[in-house]
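The following exercises concern a ligand shell and the packing of helices. Each task is followed by a solution in steps.

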Amino acid sequence: MLPIDPIAAVTHADPYPYYRDLARQHPFHRHDALGLWVAASAQAVEEVLNHPDCRVRPPAQPVPPALAGNVAGELFGRLVRMNDGVNHASLKTILLRQMAGIDLGAARTRARTLAAGLPRVDSDDGHEANRWMFTLPVLTVADLLGLPLERDGDGHVSTRVAGFVTTFAAAMSPLATPADVEAGVAAARWLTQWVGEHAAGASSDGLLHAMLAVAGEADIDPAVLTANAIGLMIQACEATAGLVGNTLVRLGREGGPEVGRDGGHEGRLEVERDAGLGNLDALVADVARTDPPVQNTRRFLAADATLCGVPVKAGDAVLVLLAAASHDPDAVSHATRHATPAGKPWTFGTGRHGCPGDALAQVLAACTVERLLQRGVQPARLLGTLRYRPSMNARIPQFE
Ligand code: HEM
């Protein structure tokens, strides 16, 4: 059965035939029941994301009402992802430059080192996969920022920061309950304090140190900068977890690279590992295009405008179907299938707010999958209990 609407499509077992039909037959249309305009074709998605009057927040509501007036709202309101105009542009320039400077090989090594400090705590493959998806990418970003990750006497890395980031990310969802929001406020408080305390002493070869130095020259409030350091961990959280999970689902269905298991002969293992990882990188890139973790985003009209030849009004909202653009059968002019004209997977967005972490995200996802396979998690065994976490925009498997 096809999904009933583009929101239900996000967590549907196979939404892609539906998306293909929408992209072809209703490239830009009004969905009365949802009260939204819907951009579905590659061309419409691109036009909306590049339109100057299409903003990331409703102009009258910079922070969702549930978060307004507390520390979680303060953090939310400072994020580059949630701002337009000058507040966005100067920060984005800094972030783009810093993210582009990340040595992806070194990031891979850091993720592998951190993974070695995460013991397998559960014999259940599903629980283990759920835990790693939401932990290893965030911890690696914290480490890249130059923040200190605690270890216990056995050398095990504390996963506390990843727990707080996941809790805050959940509180930002429109589906958050009052209890989720309350937990999100506590998480925002802890994250703000922790990053604030460690900002000055952050490792001098880390991203945060470099970001603070540039921000000083650009006269940006250091509190805004530290909020956006937290923002990098938040952005890395759910979407990367979805990419890991969707890759595990693909591996479960189709099989895939042989990745050496822990405990083998080290010399041979390294060779197998690297050959397997090359395949995993390609697989992750394909999953990002064809079973994307971020399926849609939204834009809000700041003025009356014309979108895709249709007049729209100030205050209107547009649901932008990145996943439908990715499956648009008529996007033939695009050099790479399932990708933006610039060749990036649609799931990373495009235009002013396009994701600056796309390359890092794919490395982190491949490393996380690789390490799970090495710990003996068998993707085929995860499929029996596959369902998707409730979400209006992210496709994240939840393995039971
Ligand atoms: C698979 C993982 C990821 C996916 C699918 C993803 C996707 C996206 C999308 C779609 C946007 C734009 C939203 C919009 O235009 O409405 C975005 C923005 C952003 N992403 Fe990612 N992202 C991922 C991982 C990451 C990582 C690992 C980082 C950094 C460590 C990151 C940093 C950011 C930032 C800072 C923004 C805000 C950019 C702006 O508003 O100008 N993302 N991401």
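Helices (H or I, at least four residues) and strands (E, at least two) are DSSP runs, numbered from the N terminus. The model is predicted, so that local features need pLDDT of at least 70 and side-chain atom pairs count only at pLDDT 80 or more, while totals for chains, interfaces and linings use all residues. Residues are numbered from 1 along each chain as its sequence is written, and side-chain values use heavy atoms, with hydrogens and water left out.

**Exercise 1. Describe the shell around the ligand.**

Step 1. A residue is near a molecule or strand if one of its heavy atoms lies within 4 Å of it. The ligand is surrounded by 28 residues, and the closest are K92, T297, R299, H353 and C355.

Step 2. Assign the shell to elements. At least two shell residues come from each of α5 (85–100), α12 (222–254), β4 (297–301) and α15 (358–374). With six residues, α12 gives the most.

Step 3. Sort by class, where Ala, Val, Leu, Ile, Met, Phe, Trp, Tyr, Cys and Pro count as nonpolar, Asp, Glu, Lys and Arg as charged, and the others, Gly among them, as polar. The shell holds 15 nonpolar, nine polar and four charged residues.

**Exercise 2. Identify side chains in polar contact with the ligand.**

Step 1. A polar contact is a pair of N or O atoms within 3.5 Å; within protein, one must be able to donate a hydrogen and the other to accept it, and residues adjacent in sequence count only if both atoms are side-chain atoms.

Step 2. Consider the ligand oxygen atoms. A polar side-chain atom of H353 is 2.6 Å from an oxygen atom of the ligand. For R81, a side-chain N or O atom is 3.4 Å from a ligand oxygen atom.

Step 3. Consider ligand nitrogen. Q235 places a polar side-chain atom 3.4 Å from a nitrogen atom of the ligand.

**Exercise 3. Determine how α8 packs against α12.**

Step 1. Axes are lines fitted to C-alpha atoms, for helices over the stretch in contact, and angles run from 0 to 180 degrees between N-to-C directions. The axes of α8 (residues 136–145) and α12 come within 8 Å and cross at roughly 155°.

Step 2. Angles under 35 degrees count as roughly parallel, over 145 as roughly antiparallel, 65 to 115 as roughly perpendicular and the rest as oblique. The helices α8 and α12 are therefore roughly antiparallel.

Step 3. Contact means heavy atoms within 4.5 Å. On α8, P137, V138, V141, A142 and L145 meet A229, L232, M233, A236, C237 and T240 of α12. This contact of α8 with α12 has 10 nonpolar residues, one polar and no charged.

**Exercise 4. Determine how α15 packs against α12 and α8.**

Step 1. The axes of α12 and α15 cross at roughly 50° and come within 9 Å. That angle makes α12 oblique to α15.

Step 2. From α12, T240, L243, V244, T247, L248 and L251 meet residues of α15 including A361, Q362 and L364. The contact of α12 with α15 divides into 10 nonpolar, four polar and no charged residues.

Step 3. For α8 and α15, the axes come within 9 Å and cross at roughly 125°. These two helices, α8 and α15, are therefore oblique to each other. Here L136, P137, T140, V141 and L144 of α8 make the contact with L360, L364 and T368 of α15. Six nonpolar, two polar and no charged residues form the contact of α8 with α15.
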